[in-house]
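Me: I'm new to this one and would like to get my bearings. Can we go through it together, starting with the whole chain and then zooming in?

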Amino acid sequence: MGNKLLVGFGDMVITPEEPVPLGGCSFDSSTRFFENIFEDIHGIATAITDAQGNSILFVTMDLVRAYNGVVKAVKEQLSEKLGLGQDRIMVTCTHTHSAPDLINGKEPSIQRYEPWLIEKLVAAGVAAWEDRKPATMRYGKILAPGLNFVKHYQHTLPDGTVKYFGDGFGTPVYDETTEHVDPADPTLRLVQFHREGGKDVVIANFQAHPQLTGGANKKNLSADYPGVFREVLGAQLDCHVHFLQGACGNINPKSRLARENYTVDHRVHGAKLAYYGVRCLEKYMKTAEDTTLKTHQTVFRGMIDHSLDHLADAAREVMAVYDTTKDMEACKRAGEPYGIESYRKAAFILIHMRQPEYYDMELNVISLGEELAMVTAPNELFHRNALGVENLSPYSMTLTCGYANGHYFYVPCRQAYDYGSYESLCSRMFRGTGEQYGRMFLQMLQDLKGTER
């Protein structure tokens with residue numbers, strides 16, 4: 001055992017040199033080219049090596065997805081350059097909804113941007129590796145209330161019937177009977193590396209969709225609140241900050257400014273989160289006596305649910321109505337007999353039909369010492385399942401990093417299927433996949449620590 005590490009940090013600006021389509025909050029990104037740059041987007045890397053020479057490298061991009069092709073290329077190139085196994089390289093994204101959409105691969109600007117992006121991400125990883133300096137580690141967490149909420153509601157009708165509203169399907173009726181289906185997890189988790197001869201590096205883990213500057217009609221390039229959080233916390237404490245998005249599949253940022261003044265809202269939100277970060281680093285951190293690095297990787301075969309394929313003709317009809325009339329109410333009337341409430345739901349049904357029978361997805365568990373661990377998955381995870389893992393974990397603090405090493409859609413909790421959230425519709429995975437993840441993560445954590453379940 002030992003508490004000495006080598007820790008390095010790399011940072012590259014990945015703002016496109018020309019307008020490109022933006023992802024997030026829109027099915028058709030082909031017309032949503034950015035017109036404004038609120039702040040640069042970044043590719044950030046942190047390299048960690050323990051006293052025994054075991055290493056891990058995190059590379060995070062300010063994009064809405066960790067695109068599978070980009071992940072593959074970055075892992076391959078960094079592995080070759082650094083002599084590091086690909087299973088020791090975690091490529092993630094912050095999930096900002098105001099960043100380039102690489103899915104639109106036929107768009108010429110994206111064809112020019114993607115190889116340049118890969119080059120920058122690899123450069124960030126190499127810079128972090130070469131920047132490694134001796135370091136000690138502290139970790140801690142703090143509640144950051146009022147900054148996120150579960151985006152699904154339940155409303156009790158006069159006859160006692162409970163109606164659910166999943167984000168994107170229907171408008172909640174706000175009265176004294178309206179409530180969120182779950183409380184959000186407001187925890188900000190921090191890991192601080194105090195380096196000899198260099199700035200400290202802080203890894204932060206929080207869960208809320210970065211969509212304060214995004215939206216189908218908003219053409220703003222932005223790192224959203226994670227970028228502001230990095231900027232403000234870094235300036236306050238003169239440190240480097242690496243933000244890892246948590247299990248935010250069903251969690252939105254809580255804000256009262258978004259509709260009136262979205263140009264500054266993400267800055268307010270990021271600064272508030274940074275305030276809690278400063279408080280945590282000042283008051284609630286524990287020094288790690290052991291920082292031995294261990295990793296455990298497995299591949300989960302996620303079977304695709306094609307049970308809605310029989311609605312394909314109805315979905316095409318609903319989309320045709322909207323494409324012809326641009327009338328959402330007409331679209332809704334056409335779809336109601338089939339249980340298709342919107343153009344959005346119709347599009348998800350047709351997307352399902354284009355999926356294979358299964359996806360092989362990489363799940364990772366990483367530990368630093370006897371008290372700190374992290375689980376990663378290439379999905380938008382629901383916080384209920386992530387909290388279950390943390391509560392039962394043999395480690396005193398367990399971070400969850402979604403959007404890691406690829407992007408394979410939502411993995412909701414069972415309850416989301418019961419109340420019909422749109423995430424359960426577009427997840428592609430069968431009900432119970434999230435709970436399977438939880439059981440696998442817990443077994444991997446137990447195996448890593450060498451304890452019995």
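Me: How much accessible surface does the protein chain have, and what share of it belongs to carbon and sulfur atoms?
Reply: Keep in mind that this is a predicted model. The accessible surface of the chain comes to about 18500 Å². The part that belongs to carbon and sulfur atoms is 49%.

Me: What is the radius of gyration of the protein chain?
Reply: The chain has eleven helices and 24 strands. For 453 residues the globule rule gives 22 Å, and the chain's own value is close to that, so it's as compact as a globular protein of that length. Its radius of gyration is 22 Å.

Me: OK, zooming in: is aspartate 185 buried or exposed?
Reply: Aspartate 185 sits in the loop between strand 12 (179-180) and strand 13 (187-195). The cut-off for buried is under 20% relative accessible area. Aspartate 185 has 7% relative accessibility, so it counts as buried.

Me: Which side chain makes a polar contact of 2.7 Å with the side chain of aspartate 185?
Reply: One polar contact, at 3.0 Å, joins the side chains of aspartate 185 and arginine 189. The 2.7 Å one is with the side chain of threonine 187.

Me: And which residues of helix 8 are buried?
Reply: Helix 8 covers residues 383-392, and its buried residues fall within an arc of 160 degrees seen down the axis, so they line one face. On the other side, Asn391 and Leu392 are exposed. Aspartate 185 is in contact with His383, among others. The buried ones are His383, Asn385, Ala386, Val389 and Glu390.

Key:
Residues are numbered from 1 along each chain as its sequence is written. This is a predicted model: local features need pLDDT of at least 70, side-chain atom pairs count only at pLDDT 80 or more; totals for chains, interfaces and linings use all residues. Side-chain values use heavy atoms; hydrogens and water are left out. Helices (H or I, at least four residues) and strands (E, at least two) are DSSP runs, numbered from the N terminus. Buried means under 20% relative accessible area, exposed over 50%, partly exposed in between (1.4 Å probe, protein chains only). A polar contact is a pair of N or O atoms within 3.5 Å; within protein, one must be able to donate a hydrogen and the other to accept it, and residues adjacent in sequence count only if both atoms are side-chain atoms. Contact means heavy atoms within 4.5 Å. The arc is that of the directions from the helix axis to the C-beta atoms. The radius of gyration is taken over C-alpha atoms; the globule rule is 2.2 Å times the number of residues to the power 0.38. Accessible areas come from the Shrake-Rupley method with a 1.4 Å probe; for residues, only the protein chains shown count as cover. Lists of a residue's contacts leave out its neighbours within four places in sequence.
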